[in-house]
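Reader: I'd like a close look at one single part of this model, please. Keep it chatty, but spell out the cut-offs behind the terms as you go.

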Number of protein chains: 2
Amino acid sequence: MHTLGRHLLLELNGCNPKLLNDIKRVEEILVAGARIAKATIVGTHFHQFSPFGISGVVVIAESHVAIHTWPEHGYAALDIFTCGETLSPEAAAQYFVDKFQARHPALFELKRGIIPDPKPAKVGLVVKEVFPYDRPQELQVVS
Amino acid sequence: MHTLGRHLLLELNGCNPKLLNDIKRVEEILVAGARIAKATIVGTHFHQFSPFGISGVVVIAESHVAIHTWPEHGYAALDIFTCGETLSPEAAAQYFVDKFQARHPALFELKRGIIPDPKPAKVGLVVKEVFPYDRPQELQVVS
């Protein structure tokens with residue numbers, strides 16, 4: 001079984017409410033966290049709501065980091081969605097917990113996009129790698 | 001118990017792979033879906049990866065809609081994160097399943113940001129509304 005994406009969901013309760021309403025700081029923290037995860041940033045979009053609250057997304061080459069804040073509740077929902085084997089989303093999660101001063105954080109991980117392993121190929125034969133959902137992919141076995 | 005955000009997670013398997021690699025169509029579908037959910041769009045960011053795959057985010061006044069596609073697996077991960085009582089994220093979810101021609105969709109809902117109801121106020125008194133995490137908020141009871 002192979003997983004295409006890892007999705008960390010952070011429930012950040014008991015945060016510093018001033019921080020959660022400071023769009024410049026929120027963007028700095030999210031961008032720094034994405035770098036700590038070793039992600040490649042391809043774009044950012046942050047928005048300040050009235051009377052308070054911020055939504056922000058950092059689009060990364062390996063998916064996205066998103067935040068929504070409710071300063072009036074000291075709460076932020078933070079998602080770190082990554083693909084590939086080289087990233088460190090947990091390091092980013094720890095950084096976000098620290099930086100937003102979350103006294104009551106919770107972390108959940110979801111595996112997104114489960115792809116069964118292809119069936120073992122017969123050596124010396126040209127076989128079709130069997131992917132789920134009837135989408136075969138040619139596989140040339142060379143040894 | 002009160003929930004600040006609703007987070008619908010769609011696992012779209014068995015999609016039309018051509019659609020999943022057509023950045024213009026993917027953006028059109030996401031924007032149309034956000035409108036079907038009655039969301040207010042404040043920004044979009046879409047990115048085409050090489051050799052294939054698209055990441056896209058529609059930032060809405062009520063949070064975000066995000067997609068990551070793996071055309072080679074006929075798979076897309078789609079998130080619809082909303083807050084407020086007036087939106088219809090399920091209608092958007094149904095629209096996305098139809099438009100991406102997902103033959104094997106799965107839908108999960110998460111409640112993000114659980115806020116206990118404030119304690120009942122005593123009529124005629126100025127009381128403190130008790131929010132979790134030691135963040136009291138003044139509440140003037142007027143009747």
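Author: What follows zooms in on the contact between the two chains, with a little background on the chains themselves.

First, the ground rules. This is a predicted model, so local features need pLDDT of at least 70 and side-chain atom pairs count only at pLDDT 80 or more, while totals for chains, interfaces and linings use all residues. Residues are numbered from 1 along each chain as its sequence is written, chains are lettered from A and ligands numbered from 1 in the order written, and side-chain values use heavy atoms, with hydrogens and water left out.

Let's set the scene with chain A. It has three helices and eight strands, in the order β-α-α-β-β-β-β-α-β-β-β from the N terminus. (Helices are DSSP runs of H or I with at least four residues, strands are E runs of at least two, and both are numbered from the N terminus.) Of the 143 residues in chain A, 50% are buried. Here buried means under 20% relative accessible area, exposed means over 50%, and partly exposed is in between, using a 1.4 Å probe and protein chains only.

Now the pairing. Chain A lands on chain B after a rotation of 180° with 0.0 Å of shift along the axis, at an RMSD of 0.0 Å; the fit is by least squares on the C-alpha atoms of residues with pLDDT of at least 70 in both copies. The two copies are thus related as by a two-fold rotation axis. Both copies use the same surface, since 100% of chain A's contact residues recur in chain B, where contact means heavy atoms within 4.5 Å.

Each side brings a matching count to that contact: 46 residues from chain A and 46 residues from chain B. The buried area between them is about 3,600 Å², and carbon and sulfur atoms give 62% of it. (That is the accessible area, with a 1.4 Å probe, that two parts lose on being put together, summed over both.)

As for polar chemistry, twelve residue pairs are in polar contact across the interface, both residues being at pLDDT 80 or more. The rule there is a pair of N or O atoms within 3.5 Å; within protein, one must be able to donate a hydrogen and the other to accept it, and residues adjacent in sequence count only if both atoms are side-chain atoms. On chain A, the elements giving two or more residues to the side that touches chain B are strands E1 (2–13), E2 (41–48), E3 (54–60), E4 (63–70), E5 (75–83) and E6 (104–115). The residues on that side split into 22 nonpolar, 16 polar and eight charged. In that split, Ala, Val, Leu, Ile, Met, Phe, Trp, Tyr, Cys and Pro are nonpolar, Asp, Glu, Lys and Arg are charged, and the others, Gly among them, are polar.

What about salt bridges, meaning a side-chain nitrogen of Lys or Arg within 4 Å of a carboxyl oxygen of Asp or Glu? Over all chains there are 14, and four of these run between chain A and chain B. One of them pairs Glu11(B) with Arg112(A), at 2.5 Å from N to O. Glu11(B) sits in strand E1 of chain B and Arg112(A) in strand E6 of chain A, so this pair joins two chains. Both ends are tucked away: Glu11(B) is buried at 8% relative accessible area, and Arg112(A) is buried at 2%. With the chain letters swapped, Arg112(B) and Glu11(A) also meet in a salt bridge, again at 2.5 Å, N to O.

For one more spot, go to His64(B) in strand E4 of chain B. His64(B) is buried, with a relative accessibility of 1%. Its side chain reaches over to the side chain of His68(A) in a polar contact of 2.6 Å. Beyond neighbours within four places in sequence, His64(B) touches His64(A), Ala66(A) and His68(A) in the partner chain, plus Val57(B), Val58(B), Asp79(B), Ile80(B) and Phe81(B) in its own.

For contrast, look at a salt bridge inside one chain: Glu28(A) and Lys24(A) meet at 3.2 Å, N to O. Those two are four residues apart in helix H2 (residues 23–36) of chain A, so about one helical turn separates them. Here Glu28(A) is partly exposed at 35%, and Lys24(A) is exposed at 59%.
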